[in-house]
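This briefing is meant for a reader meeting the structure for the first time. Please look over the sequence and the 3D view before going on to the notes that follow.

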Amino acid sequence: MSPSESAQRYDTSTIVLHWCTAVLITLLWTVGQVIDWFPRGTPRVSARSTHILLGALLICVISARIFWRSRHGLRLPLAEPPWMGLVAKGTHYTLYVLVVSTVLLGVLNVWNRGDHFFGLFVFPKRVAPDDHFKTLVEDLHALSANVLIGLAAVHALAALAHHFVRRDGVLRRML
């Protein structure tokens, strides 16, 4: 890779954290869609525990990503034309907000339910359970996750359009 090409790529940490985030979000959304397909008992507890474990891992990755981005991450020029760069920047901030809100709603879900974790322990349940609040949090978590995966898909399609239609090197920045 030439020096000019490397100057147009994100640093390795940013790239790794980006792809870890993408993979985790895809896995979490997929597991979230099929949890209720598992029979009650150990199979469903294992599926939900896997979802919780992946969510905890996403908390670590997104925290590292936000820290890295705010302190050390390489900043590249916005895409051209300027309106595309501004849309991309707005999309990225929206993705961050959606990831954080979805994760926080997931933590609240676990706290509301008092989930079992692989049969090893039970998360403490919220002191005063309220079925309406529990349902509201579950619905908001699902809605947030669905909006997140939808926006992430649009983000991925835009990257592919930059690569195959515009041929402007924007996708190569993250590869």
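**Briefing on the predicted model**

The 36 residues of α5 should span 52 Å at 1.5 Å a residue, and because the end C-alpha atoms of this helix are 50 Å apart, the two values agree. The structure described here is a predicted model, and the points below take up its helices, its nonpolar core, two residues of α4 and a group of aromatic rings.

**Helix α5 and its ends**

- The buried residues of α5 are V137, H141, S144, A145, L148, L151, A159 and H162, and these buried residues pack against α2, α3 and α4.
- At the N-terminal end of α5, D130 acts as a cap, with a side-chain oxygen of D130 lying 3.0 Å from the backbone nitrogen of H132.
- Just after α5, the chain comes to R167, which takes a positive phi of about 50°.

**Helix α3**

- Helix α3 has 30 residues and reaches 43 Å from its first C-alpha to its last, which is close to the 44 Å expected at 1.5 Å a residue.
- The residues of α3 that are buried are R44, A47, R48, S49, H51, I52, L54, G55, L58, V61, I62 and R65, a list that includes arginine, serine and histidine residues alongside nonpolar ones.
- The cover over the buried residues of α3 includes the helices α2, α4 and α5, together with the strand β1 (116-117).

**The largest nonpolar core**

- The largest nonpolar core holds 18 residues, and those that touch the most other members are L24, I25, L54, L58, V99 and L148.
- Two or more residues of this core come from each of α2 (12-34), α3 (42-71), α4 (82-113) and α5 (131-166).
- When its neighbours within four places in sequence are left aside, L24 is in contact with L54, L57, L58 and V61; among these partners, L54, L58 and V61 also appear with the buried residues of α3.

**Two residues of helix α4**

- N112 is found in helix α4, and because its relative accessible area is 3%, under the 20% cut-off, N112 counts as buried.
- Once neighbours within four places in sequence are left aside, the contacts of N112 are K125, R126, F133, K134 and V137, and V137 is also one of the buried residues of α5.
- V107 lies in helix α4 as well, but at 44% relative accessibility it counts as partly exposed, because that value falls between the 20% and 50% cut-offs.
- The C-alpha atoms of V107 and H141 are separated by 9.6 Å, although these residues are 34 residues apart along the chain.

**Aromatic rings**

- The count of aromatic pairs in the model comes to four; one of them is the tilted pair of F117 and F121, at 5.3 Å centre to centre with 35° between the planes.
- F121 also pairs with F123 in an edge-to-face arrangement, at 5.1 Å centre to centre with 70° between the planes.
- Taken together, F117, F118, F121 and F123 form one aromatic cluster.
- Which of these rings are buried and which partly exposed? F117 is buried, with a relative accessible area of 13%, whereas F121 counts as partly exposed at 40% relative accessibility, and F123 likewise counts as partly exposed at 22%.

Conventions: Residues are numbered from 1 along each chain as its sequence is written. This is a predicted model: local features need pLDDT of at least 70, side-chain atom pairs count only at pLDDT 80 or more; totals for chains, interfaces and linings use all residues. Side-chain values use heavy atoms; hydrogens and water are left out. A nonpolar core is a set of buried Ala, Val, Leu, Ile, Met, Phe, Trp, Tyr and Cys residues joined through side-chain atoms within 4.5 Å. Buried means under 20% relative accessible area, exposed over 50%, partly exposed in between (1.4 Å probe, protein chains only). Helices (H or I, at least four residues) and strands (E, at least two) are DSSP runs, numbered from the N terminus. Contact means heavy atoms within 4.5 Å. The expected span of a helix is 1.5 Å times one less than its number of residues. Rings of Phe, Tyr and Trp (its six-membered ring) pair if their centres lie within 6.5 Å; planes under 30 degrees apart count as stacked, over 60 as edge-to-face and the rest as tilted. A polar contact is a pair of N or O atoms within 3.5 Å; within protein, one must be able to donate a hydrogen and the other to accept it, and residues adjacent in sequence count only if both atoms are side-chain atoms.
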